[in-house]
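Hi,

Here's the structure I promised to send over. Have a look at it first, and my notes follow underneath.

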Amino acid sequence: MRLPVFLLILFVATDFGLRVGSASGAEIELSNAWLRATIGQSNVTAGYVVIENKGTGEDRLLSVHTTVAAKTEMHQTSTGEGGIMRMRPVSNLSIPVGQAVAFRSGGDHLMLSGIATPLKAGDFIDLTLSFEVAGDLLVTAKVSRRNPYP
Ligand SMILES: [Cu+2]
């Protein structure tokens with residue numbers, strides 16, 4: 001009797017999750033994820049991903065997590081006085097309908113710190129992006145010295 005009950009619970013839970021997801025109107029697509037390979041013994045690096053909202057409702061990126069870094073922040077880059085680039089962490093990021101928000105080299109980026117093991121070119125690292133509406137989405141990032149999606 002145990003197995004059918006378990007399957008029923010799983011089915012109900014999955015069905016409920018799908019309904020919540022489709023009612024919200026947010027449909028998030030993640031692409032071009034990559035992390036810059038760490039240099040020497042450095043324990044920080046930047047990450048990049050394109051987030052596209054193909055749904056009918058706004059969504060919001062709340063946090064990013066990966067097991068290889070103690071902390072992953074969303075950083076916005078701006079050019080200040082004298083053309084000096086500054087970056088500051090933001091607590092969340094709006095993903096408007098029909099738009100693609102890109103973390104890209106030279107612009108907004110993910111900032112990974114507390115990396116215990118160096119990230120080598122050719123590695124693949126899973127990132128979990130938590131959205132207000134779409135929930136947790138997983139994307140696999142390629143580790144590279146330069147943008148592998150030119
Ligand atoms: Cu940064």
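Strand 4 (residues 69-79) and strand 8 are paired antiparallel, with six bridges between them. One spot to look for in that pairing is M74, whose bridge partner in strand 8 is L110.

Strand 8 (residues 109-115) also pairs with strand 2, again antiparallel, and here four bridges join the two. L110 turns up in this pairing as well: it is the strand 8 bridge partner of G47. So if you click on L110, you can follow a bridge to M74 in strand 4 and another to G47 in strand 2.

Before you go further, keep in mind that this is a predicted model. The average pLDDT of the protein is 87, and 83% of the residues reach at least 70. The stretch to leave alone is residues 6-23, where the pLDDT is below 50 and the model shows zero contacts beyond near neighbours in sequence.

Now the overall layout. The protein has one helix and 10 strands, and going from the N terminus the order is α-β-β-β-β-β-β-β-β-β-β. Of the contacts with a separation of 6 or more, 71% are between residues 24 or more positions apart. Buried residues come to 21% of the 150 in the protein.

G47 is the residue I'd zoom in on. It sits in strand 2, which covers residues 44-53. Is G47 buried or exposed? It counts as buried, because it has 24 C-beta neighbours inside 10 Å, and the cut-off for buried is 20 or more. Leaving out neighbours within four places in sequence, G47 is in contact with L35, F103, H109, L110, L112, L127 and A141. L110 in that list is also the bridge partner mentioned above. As for L35, its C-alpha atom is 4.3 Å from that of G47, with the two residues 12 apart along the chain.

One last residue, this time in strand 1 (residues 28-36): N32. What is its phi? N32 has a positive phi of about 50°, although it is not a glycine. N32 is partly exposed, because 18 other C-beta atoms lie within 10 Å, whereas a residue needs 20 or more to be called buried.

If you only have a minute, start at L110 and trace its bridges to G47 and M74, then take a look at N32 in strand 1.

Cheers

Notes: Residues are numbered from 1 along each chain as its sequence is written. This is a predicted model: local features need pLDDT of at least 70, side-chain atom pairs count only at pLDDT 80 or more; totals for chains, interfaces and linings use all residues. A residue is buried if 20 or more other C-beta atoms lie within 10 Å of its own, exposed if 12 or fewer, and partly exposed in between; C-beta atoms are placed from the backbone. Two residues are in contact if their C-beta atoms, placed from the backbone, lie within 7 Å. pLDDT is the predictor's confidence in each residue, from 0 to 100. Two strands pair if DSSP finds at least two bridges between them.
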